[in-house]
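Here are some notes to read alongside the model, set out as numbered points. They take up the sheet, the open and closed spaces, and a few places in the backbone.

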Amino acid sequence: MATDLLPTYLHDYLDSLVPPRAPELQAMEAYAKQVNFPIIGPASGQLCYQVARMIGARRVFELGSGYGYSTAWFARAVQENGGGTVHHVVWDEELSRKARGHLGALGFEGMVEYHVAEAVETLRATPGPFDLIFNDIDKHAYPESLPVIAEKLRPGGVLIIDNMLWHGAIFDEGDHTLNTEGVREFTRRITNDVGWAASLIPVRDGLIIAYKK
Ligand SMILES: C[S@@+](CC[C@H](N)C(=O)[O-])C[C@H]1O[C@@H](n2cnc3c(N)ncnc32)[C@H](O)[C@@H]1O
């Protein structure tokens with residue numbers, strides 16, 4: 001049953017509400033369409049940017065960064081918040097190289113720290129605390145990432161985690177694949193933990209936005 005839950009016209013409408021983007025960011029969106037790379041897209045990007053602005057985030061850690069599209073939204077927020085650092089982590093050297101090019105062209109040179117490594121281990125090894133952590137790694141690894149994220153996020157910090165609707169697969173009772181179970185288990189844990197206030201926002205493929213008390 002892994003299929004898009006929202007009708008195309010609704011996705012298009014939400015994306016149409018996002019203000020015009022820099023040509024470099026638009027090129028990154030076009031490339032994702034062309035090669036079918038799963039970026040968060042404009043509506044989720046705008047939401048990430050907005051949350052980062054709302055909490056004045058200046059220390060952001062991203063797990064599973066791709067070629068830097070989601071990073072660009074956080075970097076813009078951090079820049080407008082007065083400057084700071086966004087950690088870009090992906091285990092693919094080529095994606096990291098591409099991200100350096102795009103984020104440099106967008107004017108975020110010097111604000112992004114690049115790590116070519118496994119993301120949860122990198123977070124564990126990086127001194128915190130962070131104002132905002134964004135998680136978009138392989139979905140089966142979501143549950144095991146939660147204690148590390150909880151340890152590294154400051155009280156009052158925010159976790160944003162993508163694909164929490166997992167294209168509807170979570171509703172398929174016959175789907176017990178590792179990624180689907182990872183999304184279900186992570187959702188159970190964070191929504192039942194009194195240390196977090198979490199909501200699932202059904203933009204694109206569903207973002208959980210969680211406040212660490
Ligand atoms: C969904 S894509 C990232 C998209 C990106 N957040 C964006 O919106 O622009 C996830 C990327 O992280 C990589 N990845 C997945 N799990 C990872 C992990 N545990 N550690 C490091 N990289 C990981 C994947 O290979 C892929 O390149």
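1. Two strands are taken as paired if DSSP finds at least two bridges between them, and this should be kept in mind when reading the sheet of this predicted model. Strand β1 (residues 59–63) and strand β2 (residues 85–90) run parallel and are joined by three bridges; within this pair, R59 of the one strand stands opposite T85 in β2.

2. The sheet as a whole is open and is formed by seven strands, whose order is β3-β2-β1-β4-β5-β7-β6, with mixed pairing. The strands at the edges are β3 (112–116) and β6 (196–201), and each has a single partner strand, so one side of each is left without a neighbour in the sheet. From one strand to the next, the twist averages 15 degrees.

3. Helix α7 (residues 142–152) packs on this sheet, where it touches β1, β4 (130–135), β5 (153–161), β6 and β7 (207–212). The direction of α7 makes about 150 degrees with that of β5.

4. Which residues lie nearest the centre of the largest pocket? They are F37, P38, I39, I40 and R204, out of a lining of 50 residues, and the pocket itself has a volume of about 1300 Å³. At least two residues of this lining are supplied by each of α1 (8–16), α2, α3, α4 (69–80) and β2. By class, the lining divides into 22 nonpolar, 14 polar and 14 charged residues.

5. I40 deserves a separate look, and its place is the loop between α2 (23–35) and α3 (41–54). Is I40 buried or exposed? Its relative accessible area is 2%, and the cut-off for buried is under 20%, so I40 counts as buried. Leaving aside residues up to four places away in sequence, I40 touches G45, C48, Y69, S70, F134, D136, D162 and R204. Between I40 and L63 there are 13 Å in space, taken C-alpha to C-alpha, and the two are 23 residues apart in sequence.

6. R204, one of the residues touched by I40, is found in the loop between β6 and β7. Although R204 is not a glycine, it has a positive phi of about 50 degrees. Its relative accessibility is 22%, which lies between the limits of 20% for buried and 50% for exposed, and R204 therefore counts as partly exposed.

7. R204 also belongs to the lining of the largest cavity, together with D4, L5, L6, L165, H167 and D205. This cavity has a volume of about 30 Å³, and the structure holds one cavity of 30 Å³ or more. Three nonpolar, one polar and three charged residues make up its lining.

8. The second largest pocket, with a volume of about 180 Å³, has among its lining residues V18, P19, P20, W73 and F108. Helix α4 gives the most to this lining, with three residues. Nine of the lining residues are nonpolar, one is polar and two are charged.

9. Two further places in the backbone may be checked by eye. The peptide bond from G128 to P129 is cis, with omega near -5 degrees, and P129 has its place in the loop between α6 (119–125) and β4. W166, in the loop between β5 and α8 (178–191), has a positive phi of about 45 degrees although it is not a glycine.

Key. Residues are numbered from 1 along each chain as its sequence is written. This is a predicted model: local features need pLDDT of at least 70, side-chain atom pairs count only at pLDDT 80 or more; totals for chains, interfaces and linings use all residues. Side-chain values use heavy atoms; hydrogens and water are left out. Helices (H or I, at least four residues) and strands (E, at least two) are DSSP runs, numbered from the N terminus. Buried means under 20% relative accessible area, exposed over 50%, partly exposed in between (1.4 Å probe, protein chains only). Contact means heavy atoms within 4.5 Å. Axes are lines fitted to C-alpha atoms, for helices over the stretch in contact, and angles run from 0 to 180 degrees between N-to-C directions. On a 1 Å grid over the protein atoms alone, a cavity is a set of points where a 1.4 Å probe fits but cannot get out, and a pocket is an open set with protein on both sides within 12 Å along at least five of seven lines; lining residues have an atom within 4 Å of a point. Grid points are joined across faces, edges and corners, and a volume is the space filled by probe spheres set on the points. Ala, Val, Leu, Ile, Met, Phe, Trp, Tyr, Cys and Pro count as nonpolar, Asp, Glu, Lys and Arg as charged, and the others, Gly among them, as polar.
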